[in-house]
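Colleague: Got a minute to go through this one with me? I'd like to start with the pockets and then move on to other things.

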Amino acid sequence: MTTADQPTLDLLARPSGGFAMVAMDQRESLRQMFTAATGRRAGDDELREFKLTVARELGPYASGFLIDQDYGFEQVAEAGTVSGGLIVAVDSLQQDPDGPVEDTGIDDRVDMEAARKLGAVAAKLLLIWRDDDERERRLETAAEFVRRCAAAGLLSVLEGVAKPARGKEAEFDGPAAIREAARELAGLRPDLYKAQVPLGGAAPEERLVEECAALDAVIPVPWVVLSQGVERDDFPAAVRAACRAGASGMLAGRAVWSDLVGSADLAADLRTTSVPRLQRLAAIVDEHARPWTAR
């Protein structure tokens, strides 16, 4: 593939140059949400149907849509329900059924070139970042991901999630770790970096702007924020703060649809609740985000 053939972030962006993208690549974490909401463990078919319904209802309003291979990527690609760019998750997750993601790698079962031919414009890798003995190995994994995406003709979306090293939870400085993860991982020059909101978004907006500006200063590529760890009601202000500080938007799932897990009429609830949420977030992005071309 020649340089001229390489895709650009316009494939994931709104006309404003910002990003209002939906994440629907949760796997065991989504199953945990079902257990919490319904008191029972959801099967694979139920997870897949949830994801496909979210794609049908929110896909037309999202500038990008992220989904995993095991629970719906091919069906979403074939159905053409996503009007923005389709992103395939290529991370293998090390996660106990009832626990958080502890580590990740590249899922070699995902054929990136085949995904591109099906309609994907980008691939995403979640990378758990810890200041421990595995730091160099994780950095090489991230670098390999960026290389593979370029070779396959896909945009690379690299998500760094900073967590404390085991046994060092008490001394963990969240904002500093988020910055260090971003400095190291975004320094690999993925096409787009996906960052945590500092302080979990639980601070006055001007304080968040300050923290996000410090984060922006170490990121050399366009970046967006994720919603995990941020209370749903706090997320719009967090997106606005990040965008005011230099972010180009968001790639978020939980803040858009998580309270509808277990709904008796998911499609209707997505239309009345999640679509307006996504539209409000998109309006914030259009007003405040730094266009990706300005990076």
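Colleague: How do the residues lining the second largest pocket divide into nonpolar, polar and charged?
Modeller: This is a predicted model. In it, the lining of the second largest pocket has six nonpolar and six charged residues, with no polar ones.

Colleague: Which residues are those?
Modeller: Trp129, Asp131, Lys163, Pro164, Ala165, Lys168, Glu171, Phe172, Asp173, Ala176, Ala177 and Glu180 line the second largest pocket.

Colleague: And which element gives the most to that lining?
Modeller: Helix α6 does, with three residues.

Colleague: What volume does the second largest pocket have?
Modeller: About 170 Å³. The largest pocket has about 580 Å³.

Colleague: Which residues are closest to the centre of the largest pocket?
Modeller: Glu159, Val161, Leu226, Gln228 and Arg254, out of 35 lining residues. By class, the lining of the largest pocket has 16 nonpolar, twelve polar and seven charged residues.

Colleague: Which helices and strands each supply at least two residues of it?
Modeller: Helices α1 and α6 do, and so do strands β4 (91-95), β6 (120-129), β7 (155-162) and β10 (249-252).

Colleague: Back to α6 for a moment. At what angle do the axes of α5 and α6 cross?
Modeller: At roughly 50°, and the axes come within 10 Å. Helix α5 covers residues 135-152 and helix α6 covers residues 174-186. Because of that crossing angle, α5 counts as oblique to α6.

Colleague: Which residues make the contact?
Modeller: Arg135, Leu139 and Ala142 from α5, and Glu180, Arg183, Glu184 and Leu185 from α6. Of these, three are nonpolar, four are charged and none is polar. Glu180 is also in the lining of the second largest pocket.

Colleague: New topic. How many salt bridges does the structure hold?
Modeller: It holds 41. One of them joins the side chains of arginine 31 and glutamate 28, at 3.1 Å from N to O.

Colleague: Where do arginine 31 and glutamate 28 lie?
Modeller: Both are in helix α1 (residues 28-38), three residues apart, which is about one turn of the helix.

Colleague: Last thing, cavities. How many of 30 Å³ or more turn up?
Modeller: One, in a search of the whole structure. About 50 Å³ of space lies in the largest cavity.

Colleague: What lines it?
Modeller: The lining of the largest cavity is Arg27, Asp68, Gln69, Asp70, Ala89, Val90, Asp91, Asp107, Arg109 and Val110. By class, that lining has six charged, three nonpolar and one polar.

How values were computed:
Residues numbered from 1 in each chain as written. Predicted model: local features only at pLDDT ≥ 70, side-chain atom pairs only at ≥ 80, totals over all residues. Heavy atoms only, no water. 1 Å grid on protein atoms, 1.4 Å probe; cavity = no way out; pocket = protein on both sides within 12 Å on 5 of 7 lines; lining within 4 Å. Points joined across faces, edges and corners; volume = space filled by probe spheres on them. Nonpolar A, V, L, I, M, F, W, Y, C, P; charged D, E, K, R; others polar. Axes fitted to C-alpha atoms, helices over the stretch in contact; angles between N-to-C directions. Helix = DSSP H or I, 4+ residues; strand = E, 2+ residues; numbered from the N terminus. Parallel < 35°, antiparallel > 145°, perpendicular 65-115°, else oblique. Contact = heavy atoms within 4.5 Å. Salt bridge = Lys/Arg side-chain N within 4 Å of Asp/Glu carboxyl O.
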